[in-house]
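Here are my notes on this one, in no strict order of interest. Have the viewer open while you read.

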Amino acid sequence: MSYASNDEIRGVLIQAGHERVLLPNATVAEMMSKVAVQPIPDTPAWLVGQIGWHGWEVPLLSFARLSGLGDEQVLSNNKVVVLKALGGNAKRPYFALLTQTFPQLIAVPRDGLLADASEETLPQGVHMRVLLGEQSALLPDLDALEAALDEVLPVV
């Protein structure tokens, strides 16, 4: 068994619309496929519904729709990444992101993760764009995702 050394960052790459998104591995609770999605009425298109997971009703977001990166469809063969919410709300400790491809676990050398400052404005919900070798990926602003979720689906 190999462990990540201190000079590596472990992450999970997902596809969101036409972009790749790099999630910190420490925030990923589970990756699943073919998950039943229950729609939530009167919510924005980026909040595609909720899923049942270990006794929790977990809100499912389309990062692509929220960030304007494309329109992800909710299909019977969907893939979902359940994330640990970092906001500290005990009533909603998880949320999930929809992805069209199976998430990919990667280890990135710390010196191989470079910020790409070529864009003046980043899409909503994006913290920064990074270069992973020859390709780029978006780092999501998880706090902003949780704040958007709290705004449209308050937990009482």
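1. Which residue takes a positive phi in the hairpin of S1 and S2? That's glycine 17, with phi near 65°, and the hairpin has 2 residues between the strands. A word on the source: this is a predicted model, where local features need pLDDT of at least 70, side-chain atom pairs count only at pLDDT 80 or more, and totals for chains, interfaces and linings use all residues. Residues are numbered from 1 along each chain as its sequence is written, and side-chain values use heavy atoms, with hydrogens and water left out.

2. Strand S1 (residues 8-16) runs antiparallel to S2 (residues 19-24), with 6 bridges joining them. Strands here are DSSP E runs of at least two residues, helices H or I runs of at least four, both numbered from the N terminus; two strands pair if DSSP finds at least two bridges between them. Across this pairing, valine 12 stands opposite leucine 23.

3. S1 also pairs with S8 (residues 104-109), again antiparallel and with 6 bridges. Here leucine 13 stands opposite glutamine 104.

4. Now the largest nonpolar core (buried Ala, Val, Leu, Ile, Met, Phe, Trp, Tyr and Cys residues joined through side-chain atoms within 4.5 Å; buried means under 20% relative accessible area, 1.4 Å probe, protein chains only). It has 25 residues, and Leu23, Phe95 and Leu145 are among those that touch the most other members. Helix H2 (142-152) is one of the elements giving at least two residues; its 4 are the largest share.

5. Phenylalanine 95 touches (heavy atoms within 4.5 Å) residues including Leu61, Val81, Leu145 and Leu149, leaving out those up to four places away in sequence.

How values were computed: Buried means under 20% relative accessible area, exposed over 50%, partly exposed in between (1.4 Å probe, protein chains only).
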